[in-house]
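Hi,

Here is the structure I promised to pass on. Have a look at it first, and my notes follow underneath.

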Amino acid sequence: MKEAGASAWAFEEFGGAQFSDERWRRRLIQMAERAARRPAGRVTETFVSSAERQGAYGLLESDAVGAYDVATAMFEACVRRCAGQSYVLCPIDGTSLTLTEREGSKGFGPVGSRAEGGRGLKVMNAMVLSADGVPLGLSTQQWWTRSEQRRKKHRDKLKPEQKETQHWLAALKQTRAVMEKYAPSTRCWFQLDREGDAWPTLLEAGIGDHWFTIRANHRRRVLLPGGGKSHLQPLLAQQEVKTQYPLEVRTAGRRQARTATMAVRACTVTLDLRDKRTSKRFSVELNAVQAVEHGTTPAGEKPIEWTLLTNRPIETIKDLTDVIWGYSMRWRIEEFHRTWKSGACCVEENQLRSTSAAIKWATILAAVAVRIERIKQLSREKPNLPAADEFSPAEIKAAALLYFGKAAKTKIAPAASPTIAQVTLWIACLGGYTGKTSSGGPPGSIVLARGMESVRAAAQALEALPSD
């Protein structure tokens, strides 16, 4: 990102939107700026004046502003940031938004267990990260509603386009398409969880020069060189340990905190895939990389284990560790989902009247959530970057004044440029962050969003003051 501050970010993110009336584009940019300054699920919480609220509702409810056109601007802005990079990581994952609907008037579908009566939308997101794991944006969103009726056929009897597998395939295709248009020299490295382990996805993900890593979910059959057959897990167990690495494990549920020793095995395999509907078979050669906890598993727990299928080369130890590290970055999309849904943006709280309006507002908030995650990760991964790379001068000055008070002038030299880690920490503290000792880690998205709300309000006031 070359420009900094909420205003410049909003223009970069949505300035490329194409509408029949230029006024809609300007209003979309203004809405994105306000959402970045005051993220909230309800439109009334983001837009404080009646004129702003009326303008926001006008765009969200207008048939002249398509949800796909709003999203396309965001996708293209994301991919433009990828230009010049040799490759980017692209985790893909689905989630659902539980939204308020009374009397079935908004066109939502069932979410979660049908017995519980939840209503809302389903969405597949493709997030793009730089090679070192910093969020760049979203390259696609695939929205759909579940059928009101349970399907009568077993999933094995359905075509791929009749199952939710189609949304994984669409996310892969659309990301490749927008990448080829705006960053043709950049390779995607798709990262998919176990839900993406299906024969259509394994075939689709390998199209072109892009890489993929998919966590194995099935007891995959493999073809042996002599013509025999085996299964993936026993074959990997026969391989020598290529390397080991320590993994810090936090307490979670019944899992005990520890430093796990992970043993890495790998080999090239030919998967024997089968379409259960037609009994047609496919064979595809891939690399399998397995990391299994060895010797450190507490009694009563299962060893930590990842079995990854990839078309990424695995010729060296670094190749193997890169595959494992790349897949670990898939968690970034889950962090984005938390920030979008229940953290800073609370997208599920919106009360909009139609599916189209809900998707448009959710798209704007998705862009805001990615920006929050970007600032959070930059402060951790590249703490010495100048804060001016992501914040405007008024935002930096406002953060310093709110954090230090009258002492701000003595704490920061006039010619000094604070780092992104410094400014992020000031903002987090304004949002309630009390340090690693009490919270267990660096600042998260919720405290950052709280602090940024105060900082951006103060920055607006500073920008309104007459210059000396």
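Buried residues make up 52% of the 468 residues in this protein. Keep in mind that you are looking at a predicted model.

First, the general picture. The secondary structure adds up to 16 helices and 12 strands. The radius of gyration is 24 Å, which agrees with the value near 23 Å for a compact globule of 468 residues. If you like box dimensions, the C-alpha trace spans about 80 × 50 × 45 Å along its principal axes. The accessible surface is about 22200 Å², and carbon and sulfur atoms own 48% of that. Of the contacts with a separation of 6 or more, 66% are between residues 24 or more positions apart.

Now to the helices towards the end of the numbering. How do helix 12 and helix 16 cross? Helix 12 covers residues 393-404 and helix 16 covers residues 445-464; their axes come within 8 Å and cross at roughly 115 degrees. The crossing is right-handed. On the helix 12 side, the contact is made by Ala394, Glu395, Lys397, Ala398, Ala399, Leu401 and Leu402. Helix 16 brings Ser454, Val455, Arg456, Ala458, Ala459, Leu462 and Glu463 to the contact. Sorted by character, the residues of this contact divide into nine nonpolar, one polar and four charged.

Both of those helices turn up again around helix 14 (residues 420-430): what covers its buried residues includes helix 11 (355-381), helix 12 and helix 16. The buried residues of helix 14 are Ile420, Val423, Thr424, Trp426, Ile427 and Ala428. For the spacing in that list, remember that an α-helix has 3.6 residues a turn, so residues three or four places apart point the same way. Just after helix 14 comes Gly432, which takes a positive phi of about 110 degrees.

Two other residues with positive phi are worth pulling up on your screen, as neither is a glycine. Ser279 has a phi of about 65 degrees and sits in the loop between strand 10 (258-274) and strand 11 (281-293). Cys346 has a phi of about 50 degrees and lies in the loop between helix 10 and helix 11. Is each of them buried or exposed? Ser279 is partly exposed, with a relative accessible area of 46%. Cys346 has 19% relative accessibility, so it counts as buried, the cut-off being under 20%.

Next, Ile333, which lies in helix 10 (residues 331-341). Its relative accessible area is 0%, so Ile333 is buried. What does Ile333 touch, leaving out residues up to four places away in sequence? The partners are Pro91, Ile92, Asp93, Asn125 and Met127. Take Pro91: it is 242 residues from Ile333 along the chain, yet their C-alpha atoms are separated by 6.4 Å.

Lastly, Glu381, which is found in helix 11. With 40% relative accessibility, Glu381 counts as partly exposed. Glu381 and Arg38 are 343 residues apart in sequence, and from C-alpha to C-alpha they are 25 Å apart in space.

That's the lot from me. Shout if you'd like to go through any of it together.

Cheers

Note on methods: Residues are numbered from 1 along each chain as its sequence is written. This is a predicted model: local features need pLDDT of at least 70, side-chain atom pairs count only at pLDDT 80 or more; totals for chains, interfaces and linings use all residues. Side-chain values use heavy atoms; hydrogens and water are left out. Axes are lines fitted to C-alpha atoms, for helices over the stretch in contact, and angles run from 0 to 180 degrees between N-to-C directions. Helices (H or I, at least four residues) and strands (E, at least two) are DSSP runs, numbered from the N terminus. A crossing is left-handed if the near helix is turned anticlockwise from the far one by less than a right angle, and right-handed if clockwise. Contact means heavy atoms within 4.5 Å. Ala, Val, Leu, Ile, Met, Phe, Trp, Tyr, Cys and Pro count as nonpolar, Asp, Glu, Lys and Arg as charged, and the others, Gly among them, as polar. The radius of gyration is taken over C-alpha atoms; the globule rule is 2.2 Å times the number of residues to the power 0.38. Buried means under 20% relative accessible area, exposed over 50%, partly exposed in between (1.4 Å probe, protein chains only). Accessible areas come from the Shrake-Rupley method with a 1.4 Å probe; for residues, only the protein chains shown count as cover.
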